[in-house]
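Colleague: I should be grateful for a close look at one part of this model, namely the salt bridges and what lies around them. Please treat the matter in a single connected account.

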Amino acid sequence: MRKKGISISFLLFVLFSLMGCATTEKMYYWGDYSTTLYAARKDANDESLLKHKNTLENIITESEKRNLRVPPGVYGELGYIYFRQNNNDTAVKYFEMEARTYPESRVFMERLTQAAKTKNTKN
């Protein structure tokens, strides 16, 4: 009876060990996102914002190189940075890309697009 319990335990151990070795494809490339976002929020200054902006642009570039989908929110966040910098045409471009890539964000991205276009007409 004891042998059967040991063999099942050993079999389960081997099975779970092999499952840990299975390769999984990455769905998104996040790069240095969390590090630069944290720095931009903690010490909100031009340098940390520029680093985060560069990271977002790098995520887009690397995702395209690796034939991966750009992670959710990256286009929108980059667009919002451009919007805050009064580069509204570029902001609209990224808002539209976010809405195309992630249709569930369409309503929010349309509101941001409208705000950017309204801001353009005021300037």
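Modeller: The side chains of Arg 66 and Glu 62 form a salt bridge, with N and O 3.2 Å apart. This is a predicted model, and the distances should be read in that light. Glu 62 also meets Lys 65 in a salt bridge, at 3.6 Å from N to O. Glu 62, Lys 65 and Arg 66 are thus linked in a network of salt bridges. Side chains of opposite charge can pair when their charged atoms come close.

The positions of Glu 62 and Lys 65 fit this picture: both lie in helix 3, three residues apart, about one turn of the helix. The members of the network are not alike in accessibility. Glu 62 has a relative accessible area of 15% and is therefore buried, the cut-off being under 20%. Lys 65 has a relative accessible area of 62%, so it counts as exposed. Arg 66, at 43% relative accessibility, counts as partly exposed.

Helix 3 holds a further charged pair. Lys 51 forms a salt bridge with Glu 47, and their closest N and O atoms are 3.6 Å apart. Because Lys 51 and Glu 47 are four residues apart in helix 3, about one helical turn separates them. Glu 47 is exposed, at 55% relative accessibility. In total, the structure holds four salt bridges.

Helix 3 (46-65) also contributes to the nonpolar interior: helix 3, helix 4, helix 5 and helix 6 (106-122) each supply at least two residues of the largest nonpolar core. That core has 21 residues, and Leu 56, Ile 60, Val 74, Tyr 75, Leu 78, Tyr 94 and Phe 95 are those with the most contacts inside it. In soluble globular proteins, nonpolar side chains tend to be buried together.

Two of these core residues deserve separate mention. Tyr 75 and Tyr 94 are both buried. The count of aromatic pairs comes to five. Tyr 75 and Tyr 94 form one that is stacked, with 6.3 Å between centres and 25° between the planes. This pair links distant parts of the chain, as Tyr 75 belongs to helix 4 (residues 74-84) and Tyr 94 to helix 5 (residues 88-101), 19 residues apart.

Phe 95 touches, among others, Gly 76, Tyr 80, Phe 83, Met 109 and Leu 112, leaving aside residues up to four places away in sequence. Phe 83 in turn has Lys 119 over its face, at 4.3 Å from the ring centre.

Technical notes: Residues are numbered from 1 along each chain as its sequence is written. This is a predicted model: local features need pLDDT of at least 70, side-chain atom pairs count only at pLDDT 80 or more; totals for chains, interfaces and linings use all residues. Side-chain values use heavy atoms; hydrogens and water are left out. Rings of Phe, Tyr and Trp (its six-membered ring) pair if their centres lie within 6.5 Å; planes under 30 degrees apart count as stacked, over 60 as edge-to-face and the rest as tilted. Buried means under 20% relative accessible area, exposed over 50%, partly exposed in between (1.4 Å probe, protein chains only). A charge sits over a ring if NZ of Lys or CZ of Arg is within 6 Å of the ring centre and within 35 degrees of the ring normal. A nonpolar core is a set of buried Ala, Val, Leu, Ile, Met, Phe, Trp, Tyr and Cys residues joined through side-chain atoms within 4.5 Å. Contact means heavy atoms within 4.5 Å.
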